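User: I am new to this structure. Please walk me through it in short steps.

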There are 2 protein chains.
Amino acid sequence: METEKLLNAVKFDDRGLIAAVVQDATSGEVLMVAWMNEEALRKTLEEGRAWYWSRSRKKLWLKGESSGHIQKVREVRLDCDGDAVVLRVDQTGGACHTGFRSCFYRRADDEGWIEDGVKMFDPNSVYKTS
Amino acid sequence: METEKLLNAVKFDDRGLIAAVVQDATSGEVLMVAWMNEEALRKTLEEGRAWYWSRSRKKLWLKGESSGHIQKVREVRLDCDGDAVVLRVDQTGGACHTGFRSCFYRRADDEGWIEDGVKMFDPNSVYKTS
């Protein structure tokens, strides 16, 4: 794969980041939004597994490194401005650290935000702290 | 709709913004990524049409105000961190200013970025400069 050629078309912002929208390759459900720097995108393109940049921890992270909930990347798409990508993935387990399949498990309703997501796992048993 | 209650759960970043992922309500295709400040989200929730914040022009914009390509909002979803929303919309025309249905009209391929999007309109006839 011409990774450097792909990276050259991407416009990282003043923090060196782009937004990554992650979508289930089969159902089309939007699973999460995360951030990538150039190295995260390079590793994602080369390995076919999703890597991100954590703005809070200031480090690269492999999705699933703690939980085992890896994202196998089927397709990477770039937007018109070159500052956002869509990853179409096969998600093992659930994408959200709360245990829901998607991080977008809340829907705006007349009463407020309603949880209507699908629970895939118990976060207490997946993320062990000891 | 309890708009203020909805807005209170949203965590705008240090620029006062959240990321908005826009998805076709029927096909699930990701159409674009844009930015919202509190006022853009309030107007979107109240009017059922998508409003965004332009970082370059530093102003609110109604999607379709120039092109007529309005987004009718069917559903608004919030992520676990409260700093990104998914809008499920009915898109009139195409979402992208280039004339493609989706801004993500380029796919990573062994050769580079390949255009495989669906063209919906001629931007020269939609965005008149005179």
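Analyst: One term comes before the sheet: two strands pair if DSSP finds at least two bridges between them. Keep in mind that this is a predicted model.

User: Which elements make up chain A, and in what order do they run from the N terminus?

Analyst: The secondary structure of chain A comes to 3 helices and 8 strands. Read from the N terminus, the order is α-β-β-α-β-β-β-β-β-β-α.

User: How does the radius of gyration of chain A compare with the globule rule?

Analyst: For 130 residues the globule rule gives 14 Å. The value for chain A is close to that, so chain A is as compact as a globular protein of that length. Its radius of gyration is 15 Å.

User: What share of the residues in chain A is buried?

Analyst: A residue is buried if 20 or more other C-beta atoms lie within 10 Å of its own. Chain A has 130 residues, and the buried share is 36%.

User: What is the strand order in the open sheet of 6 strands?

Analyst: The sheet draws on chains A and B, with mixed pairing. Its edge strands are strand 8 (112–115) of chain A and strand 2 (30–36) of chain B, each pairing on one side only. From one strand to the next, the twist averages 35 degrees. The order is 8(A)-7(A)-5(B)-6(B)-1(B)-2(B).

User: Which residue in strand 8 of chain A stands opposite Ala108(A)?

Analyst: Strand 7 of chain A covers residues 106–109. It pairs with strand 8 of chain A in the antiparallel sense, over 4 bridges. Opposite Ala108(A) stands Trp113(A).

User: Is Asp83(A) buried, partly exposed or exposed?

Analyst: Asp83(A) sits in the loop between strand 5 (71–78) and strand 6 (84–91) of chain A. Leaving out residues up to four places away in sequence, Asp83(A) touches Lys11(A), Asp13(A) and Ile18(A). It has 15 C-beta neighbours inside 10 Å, and therefore counts as partly exposed.

User: How far apart are the C-alpha atoms of Asp83(A) and Ala108(A)?

Analyst: Along the chain, Asp83(A) and Ala108(A) are 25 residues apart. Their C-alpha atoms are separated by 27 Å.

User: What kind of axis relates the two copies?

Analyst: A turn of 180 degrees and a shift of 0.0 Å along the axis lay chain B on chain A, with an RMSD of 0.0 Å. The two copies are thus related as by a two-fold rotation axis.

User: Which residue of chain B has the C-alpha nearest the axis?

Analyst: The copies meet through the same surface, because 100% of the interface residues of chain B are also interface residues in chain A. In chain B, the C-alpha nearest the axis lies 2.6 Å from it and belongs to Gly28(B).

Methods
Residues numbered from 1 in each chain as written. Chains lettered and ligands numbered in written order. Predicted model: local features only at pLDDT ≥ 70, side-chain atom pairs only at ≥ 80, totals over all residues. Helix = DSSP H or I, 4+ residues; strand = E, 2+ residues; numbered from the N terminus. Axes fitted to C-alpha atoms, helices over the stretch in contact; angles between N-to-C directions. Least-squares fit on C-alpha atoms with pLDDT ≥ 70 in both. Contact = placed C-beta atoms within 7 Å. Buried ≥ 20, exposed ≤ 12 C-beta atoms within 10 Å, placed from the backbone. Rg over C-alpha atoms; globule rule 2.2 N^0.38 Å.
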